[in-house]
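Me: I am new to reading protein models and would like a close look at a single part of this one. Could you take one strand and follow it outward into its surroundings, explaining each step with care?

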Amino acid sequence: MIAKAAIPLSLYIHIPWCVRKCPYCDFNSHQADRSGIPEQEYLAALFKDLEQLLPRVWGRRISTIFFGGGTPSLLSADTVSNLLSGIRARIPCIPVLEITMEANPGSLEVEKFQQFRDAGITRLSVGVQSFSDQNLQVLGRIHDSEQAHRAIQSVIACQFDSYNIDLMFGLPAQDISAAQLDLKAALAYQPPHLSLYQLTIEANTAFKISPPENLPDDDMLADMQDVLVTEAAAAGLERYEVSAYATSSMQCRHNVNYWEFGDYLGIGAGAHSKITDQTGVSRFSRPRLPKKYIATAGSNEAFVNERKLDQKDLLLEFMINALRLQQGFTLQQFSLTTGLASDVISDGINQAIRKGLMVKNNDRVKTTDRGFAFLSEVQLLFT
Ligand SMILES: C[S@@+](CC[C@H](N)C(=O)[O-])C[C@H]1O[C@@H](n2cnc3c(N)ncnc32)[C@H](O)[C@@H]1O
Ligand code: SF4
């Protein structure tokens, strides 16, 4: 049986609207109507959504909250404040919550940063992507480099407990020195957290239909990443996950809970949940389209693709998440979150050690540098 009370529980809130859809983006985001976002209807639906999930997590406390998108910073600060008090009224939370919001650097959003802080947001994740106007245009972003700088300056002035800067690399016509310039501009602010994402061309995006020209080749991408990792480390930002870098103790607790295979309630259009109870681990999501989500919130129709994970799923899903962390995982954590004896992964771990892809130190297992660079090869050993 799984000791569910010991597994941390997070809350993810999806806000599915953006001012405009970016050509590379495959997130569940939709261009907002001219009439704006139906905030009150959505807020009511989020509460119904949460209330429906409460019986599945009785007695448990929320330890982190994350507003993701889409563009959550399009919401009014009043809605964010009402949402946070409504959540606290419905489910217990630990005293020192990490509450992150993804924010775009548009000027209208930046004006609201202080209000978001006052509403209870403790951590802002700013989607800068690049400090080069040319790159921002190629990426179809609606902000320019000046707005990116202003957004970071405003986050610092508002004194959030922490903040993150999202940057993308491997952009069209970008060479290593151009990627270094972007990183240097971010590091000049001495951010406590940085996310560096390699541009991927995803299915069902405008870039898939009409790919941008002059994308860097694989060799250049590998060299670019090496340089960025080294320079971030020199500035005190350790790569603790495939795309995440932080100064000590500033890791994103919410995302670390995903990677440690913790539980999470996902509310909002298309949001995913993972919940452990006495019978095992289940996953399900919510309807993707905002209208359908609002119309079905709280009803049985709101459960999409509900399934219980079997042993094979548990093992693979645990590895896919846990191996993303540089520090790896402990065998105790594996057993706690999957309910499986650690014997089921002994063969895979031994093979990985023989191939120089993993090391084991007492109860802790982690990838070597080579294993970290070839994660899919390591994950294959657990299929
Ligand atoms: C949920 S998204 C969006 C957050 C916010 N709306 C924004 O765009 O700034 C979080 C991050 O994923 C990254 N991202 C999105 N699509 C990507 C892609 N195709 N390739 C690489 N990174 C991507 C971007 O850096 C983005 O800031
Ligand atoms: S603003 Fe963010 S979520 Fe919205 S379309 Fe662009 S990348 Fe996707």
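Reply: The domain assignment of this protein, which is a predicted model, gives domain 1, covering 4-257, and domain 2, covering 329-383. The C-alpha centres of domain 1 and domain 2 lie 30 Å apart.

The strand to follow is β1, made of residues 9-15, and seven of its seven residues are buried, so the strand is described as mostly covered. In a regular strand the side chains alternate between the two faces of the sheet. On one side of β1 stand Leu9, Leu11, Ile13 and Ile15, on the other Ser10, Tyr12 and His14, and both of these faces are covered, since every one of the residues named is buried.

Strands of a sheet pair through backbone hydrogen bonds, either parallel or antiparallel. Which strands are joined to β1? One is β4, residues 62-69, which runs parallel to β1 and is joined to it by seven bridges; within this pairing, Leu11 stands opposite Ile65. Another is β11, residues 263-267, which also runs parallel to β1 and is joined to it by five bridges, with Ile267 as the bridge partner of Ile13.

From β4 the path can be followed into the loop between β4 and α2 (77-90), where Gly70 has its place. Most residues other than glycine have a negative phi, and most peptide bonds are trans. The bond that joins Gly69 and Gly70, however, is a cis peptide bond, with omega at about 15°. Both of these glycines also belong to the residues around ligand 2, whose shell includes Cys18, Lys21, Cys22 and Cys25 as well as Gly69, Gly70 and Thr71. Sorted by class, the shell around ligand 2 has four nonpolar, six polar and one charged residues.

Strand β4 also leads to ligand 1, because β4, β6 (123-129) and β7 (162-169) are the elements that give two or more residues to the shell around ligand 1. This shell has 16 residues, of which the closest are Tyr24, Gly127, Asp166, Tyr197 and Thr200, and by class it has six nonpolar, seven polar and three charged residues. Gly127 is listed around ligand 2 and among the closest residues to ligand 1.

On the other side of the story is β11, and the loop between α10 (253-259) and β11 holds Phe261. Phe261 has a positive phi of about 65° although it is not a glycine, and it is buried, with 24 other C-beta atoms within 10 Å. For a residue with a positive phi in other surroundings, one can turn to Gln190, in the loop between α7 (176-187) and β8 (193-198). The phi of Gln190 is near 50°, but Gln190 is exposed, with 11 other C-beta atoms within 10 Å.

Finally, the buried interior deserves a look. In soluble globular proteins, nonpolar side chains tend to be buried together. Here the largest nonpolar core has 93 residues, and those with the most contacts inside it are Leu124, Val126 and Leu167. This core draws at least three residues from each of domain 1 and domain 2. Leaving aside its neighbours within four places in sequence, Leu124 is in contact with Met101, Ala103, Phe113, Val155, Phe160 and Tyr163.

How values were computed. Residues are numbered from 1 along each chain as its sequence is written. Chains are lettered from A and ligands numbered from 1 in the order in which they are written. This is a predicted model: local features need pLDDT of at least 70, side-chain atom pairs count only at pLDDT 80 or more; totals for chains, interfaces and linings use all residues. A residue is near a molecule or strand if its C-beta atom, placed from the backbone, lies within 6 Å of it. Ala, Val, Leu, Ile, Met, Phe, Trp, Tyr, Cys and Pro count as nonpolar, Asp, Glu, Lys and Arg as charged, and the others, Gly among them, as polar. A nonpolar core is a set of buried Ala, Val, Leu, Ile, Met, Phe, Trp, Tyr and Cys residues joined through C-beta atoms within 7 Å. A residue is buried if 20 or more other C-beta atoms lie within 10 Å of its own, exposed if 12 or fewer, and partly exposed in between; C-beta atoms are placed from the backbone. Domain bounds come from an automatic or database domain assignment. Two residues are in contact if their C-beta atoms, placed from the backbone, lie within 7 Å. Helices (H or I, at least four residues) and strands (E, at least two) are DSSP runs, numbered from the N terminus. Two strands pair if DSSP finds at least two bridges between them.
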